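Here are a few exercises to work through with the model open beside you. Try each task before reading its solution.

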Amino acid sequence: ASINLSPNVPGQVVLGLMINGPRPGDESYAQYAREKQELLDSLRRRARAITDAFNSCEGIVCQETEGAMYSFPKITLPAGAMAAAKAAGKAPDVFYCLKLLEQTGISTVPGSGFKQRDGTFHFRTTILPPESQFQSIIQRFLAFHSAFMAEYKGSSGTSVNTRARL
């Protein structure tokens with residue numbers, strides 16, 4: 001409880017160092033500037049990769065991911081998925097996100113948690129996984145989405161086993 005009232009000294013020191021990084025002329029400035037630029041460049045590459053991946057998918061539209069660590073694509077779900085979501089007692093975007101989590105381990109947040117416009121569906125995901133793992137995550141997502149769309153297109157929503165096809 002006391003940590004909530006007043007941060008501990010090491011926490012205050014670290015926060016101070018984060019806010020007041022090395023300045024030009026400081027011994028560690030060159031390394032700090034290089035590491036900061038590498039991180040920003042990596043975030044830009046991941047943002048571009050996820051935006052491109054989403055926009056390559058059937059039924060997904062995603063604006064450029066910039067200025068944040070999240071992508072918030074809009075998804076159009078087939079009638080079969082809508083029916084399956086209703087049968088499961090879930091909002092369609094919640095249904096999609098749960099299937100994605102169950103089948104790939106990729107965690108996303110349904111747009112319905114953000115008061116999206118009625119009749120539209122979204123989900124939010126982050127670009128923070130390490131860059132070394134990012135292409136693998138994108139490939140798992142693309143495989144899931146393709147199988148999901150194939151299963152629920154033209155379906156009445158009664159079939160829910162897409163795991164076997166991934």
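## Exercise 1: Helix α6 and its surroundings

Keep in mind that this is a predicted model.

**Task.** Find what the buried residues of α6 pack against.

**Solution.** The buried residues of α6 pack against the helices α3, α4 and α5, and against the strands β1 (60-61), β3 (74-75) and β5 (123-126). To see which residues take part, list the buried positions of α6: Phe134, Ile137, Ile138, Phe141, Phe144, His145, Ala147, Phe148, Met149, Glu151 and Tyr152.

Next, look at the nonpolar core. The largest one has 30 residues, and Phe54, Ile60, Ile75, Tyr96, Phe123, Phe141 and Phe148 have the most contacts inside it. At least two residues of this core come from each of α3 (29-55), α4 (79-87), α5 (92-104) and α6 (131-152). The most is given by α6, with eight residues.

**Task.** Check whether the end-to-end distance of α6 agrees with its number of residues.

**Solution.** Take 1.5 Å a residue; the expected span is 1.5 Å times one less than the number of residues. For the 22 residues of α6 this should give 32 Å, and the end C-alpha atoms are 32 Å apart, so the two agree.

## Exercise 2: The faces of α4

**Task.** Work out how the buried residues of α4 are arranged around its axis.

**Solution.** Start with the buried residues: Gly80, Ala81, Ala84 and Ala85. Viewed down the axis of α4, they fall within an arc of 135°, so they line one face of the helix. A general rule helps here: an α-helix has 3.6 residues a turn, so residues three or four places apart point the same way. The buried residues of α4 pack against α5 and α6. On the other side of α4, Ala79, Lys86 and Ala87 are exposed. Just after the helix, Gly89 has a positive phi of about 75°.

## Exercise 3: Strand β5 and the loop before it

**Task.** Sort the side chains of β5 by face, then find the partner strands.

**Solution.** The side chains alternate: Phe123 and Thr125 point to one face and are buried, while Arg124 and Thr126 point to the other and are not. Strand β2 (residues 70-71) runs antiparallel to β5 and is joined to it by two bridges, with Ser71 opposite Thr125. Two bridges also pair β4 with β5 in the antiparallel sense, and here Val109 stands opposite Arg124.

**Task.** Decide whether Thr120 counts as buried or exposed.

**Solution.** Thr120 lies in the loop between β4 (109-110) and β5. Its relative accessibility is 14%, and buried means under 20%, so Thr120 counts as buried. A polar atom of the Thr120 side chain lies 2.6 Å from the backbone oxygen of Arg117.

Definitions and conventions. Residues are numbered from 1 along each chain as its sequence is written. This is a predicted model: local features need pLDDT of at least 70, side-chain atom pairs count only at pLDDT 80 or more; totals for chains, interfaces and linings use all residues. Side-chain values use heavy atoms; hydrogens and water are left out. A nonpolar core is a set of buried Ala, Val, Leu, Ile, Met, Phe, Trp, Tyr and Cys residues joined through side-chain atoms within 4.5 Å. Buried means under 20% relative accessible area, exposed over 50%, partly exposed in between (1.4 Å probe, protein chains only). Helices (H or I, at least four residues) and strands (E, at least two) are DSSP runs, numbered from the N terminus. Contact means heavy atoms within 4.5 Å. A polar contact is a pair of N or O atoms within 3.5 Å; within protein, one must be able to donate a hydrogen and the other to accept it, and residues adjacent in sequence count only if both atoms are side-chain atoms. Two strands pair if DSSP finds at least two bridges between them. The arc is that of the directions from the helix axis to the C-beta atoms.
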